[in-house]
Amino acid sequence: MAETDPCQEEREEMVEFQILARGVRDRRVLAAMRKIPRHLFVPKGYERAAYEDRPLPIGEGQTISQPYIVAVMTEQLDLAPQDRVLEIGTGSGYQAALLAELAGTVISVERLADLADRARENLARAGVAGVRVVVGDGTQGYPPEAPYDAIIVTAASPTIPEPLIDQLAEGGRLIAPVGPRDCQDLIKLVKHEGRVETIPLGGVCFVPLIGQFGWQGDGYP
Ligand code: SAH
């Protein structure tokens, strides 16, 4: 972790007023959000906005999600320390850093190589080890390390990509925004004895998941 942290107090306030106040109670998630230096995951010039109650641009037309949404999605994954987790959409690496704090193995797949490079740098600066960032089409999952106890998709697709459901372990949880291009429903899937239970968690707005089992790439880099 970074030597001295000028933003500890801002992080405490973010957790208290944006996250605890809205009902996120998982103590491990709250502790991880108090610890991970979000300001090291936003572009230069945005550090002061890092703890505000909103998403921020991270380049290439992509965004780092609002802290509260990150907290809800992370809580819903129900992570245990030994879990294997797959993230689709590394972006800044912030969500991946939280996952690494809470689980055993974290693989994060990013479509854009420049963002993947930046995320690796951000993770290193923040002192987070234990995230493997892979460049590729995450709609296909990442078969070499499957199955996963938890899968989190941080970009939105019209339906949940089938390969991700296949790569979920028995008892595994998957969280993904699903629906139209602009705003979607956050969906949680739980796999029990090969069958999948679907739980809707509310409305969200994510950037598109672009790939074979997501949106086609028209107009996107
Ligand atoms: N979790 C990130 C935010 C992700 S924004 C964070 O904590 O900062 C969504 C990301 O998904 C973008 O970086 C985008 O490039 C990526 N993405 C879109 N389609 C993808 C695909 N098929 N596979 C992997 N990444 C994808």
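Where in the chain is the place of Gln 66? Gln 66 sits in the loop between E2 and H3. The legends below describe close-up views of a predicted model.

**View 1. Surroundings of Gln 66 in the loop between E2 and H3.** Leaving aside residues up to four places away in sequence, Gln 66 touches Arg 22, Arg 38, Asp 53, Arg 54 and Pro 55. Gln 66 and Gln 167 are 101 residues apart along the chain, and 27 Å separates their C-alpha atoms. Gln 167 is taken up in View 2.

**View 2. Gln 167 in the loop between helix H6 and strand E7.** Helix H6 spans 162-166 and strand E7 spans 168-178. The relative accessible area of Gln 167 is 8%, which is under the 20% limit, so the residue counts as buried. Residues up to four places away in sequence are not counted among its contacts, and what remains is Leu 86, Gln 140, Gly 141, Tyr 142, Pro 143, Ala 146, Pro 147, Tyr 148 and Ile 151. Two of these contacts, Ala 146 and Pro 147, are shown again in View 3.

**View 3. The cis peptide bond between Ala 146 and Pro 147.** Omega for this bond is about 5 degrees. Pro 147 belongs to the loop between strand E5 (131-135) and strand E6 (148-153). Both Ala 146 and Pro 147 touch Gln 167.

**View 4. The largest pocket, with about 550 Å³ of space.** The pocket is lined by 35 residues, and the closest to its centre are Thr 63, Gly 89, Thr 154, Ala 155 and Val 207. At least two lining residues come from each of strand E2 (62-64), helix H3 (67-76), strand E3 (84-88), helix H4 (94-102) and strand E4 (105-110). Sorted by class, the lining holds 18 nonpolar, 13 polar and 4 charged residues.

**View 5. The second largest pocket, with about 250 Å³ of space.** Its lining is made of 14 residues. Val 42, Pro 43, Lys 44, Asn 122 and Arg 125 are the ones nearest the centre. Helix H5, residues 113-125, gives the most to this lining, with 4 residues. By class, the lining residues are 6 nonpolar, 4 polar and 4 charged.

**View 6. The disulfide between Cys 183 and Cys 205.** The model has 1 disulfide by the distance rule. The sulfur atoms of Cys 183 and Cys 205 are 1.9 Å apart, and a pair counts as a disulfide when these atoms lie within 2.5 Å. The torsion about the S-S bond is about 95 degrees, so the disulfide is right-handed. Cys 183 lies in the loop between E7 and strand E8 (184-192), while Cys 205 lies in the segment after strand E9 (195-204), so the pair ties together parts that are 22 residues apart in sequence. Cys 183 is partly exposed, at 38% relative accessible area. Cys 205 is exposed, at 52%. Another cysteine, Cys 7, counts as buried, with 10% relative accessibility.

**View 7. The buried side of helix H2, residues 27-35.** The buried residues in H2 are Val 29, Leu 30, Ala 32 and Met 33. They lie on the same side of H2, because the arc they cover around the axis is only 160 degrees. The cover over these residues includes helix H1 (8-20), H3 and H4. H3 and H4 also supply residues to the lining of the largest pocket in View 4.

**View 8. Glu 60, a residue with positive phi.** Its phi is about 60 degrees although Glu 60 is not a glycine. Glu 60 is part of the loop between strand E1 (56-59) and E2. With 31% relative accessibility, Glu 60 counts as partly exposed.

**View 9. Glu 193, another non-glycine residue with positive phi.** Here phi is about 45 degrees. The loop between E8 and E9 contains Glu 193. At 73% relative accessibility, Glu 193 lies over the 50% limit and so counts as exposed.

Notes: Residues numbered from 1 in each chain as written. Predicted model: local features only at pLDDT ≥ 70, side-chain atom pairs only at ≥ 80, totals over all residues. Heavy atoms only, no water. 1 Å grid on protein atoms, 1.4 Å probe; cavity = no way out; pocket = protein on both sides within 12 Å on 5 of 7 lines; lining within 4 Å. Points joined across faces, edges and corners; volume = space filled by probe spheres on them. Nonpolar A, V, L, I, M, F, W, Y, C, P; charged D, E, K, R; others polar. Buried < 20%, exposed > 50% of the residue type's maximum accessible area, 1.4 Å probe, protein only. Contact = heavy atoms within 4.5 Å. Arc of directions from axis to C-beta.
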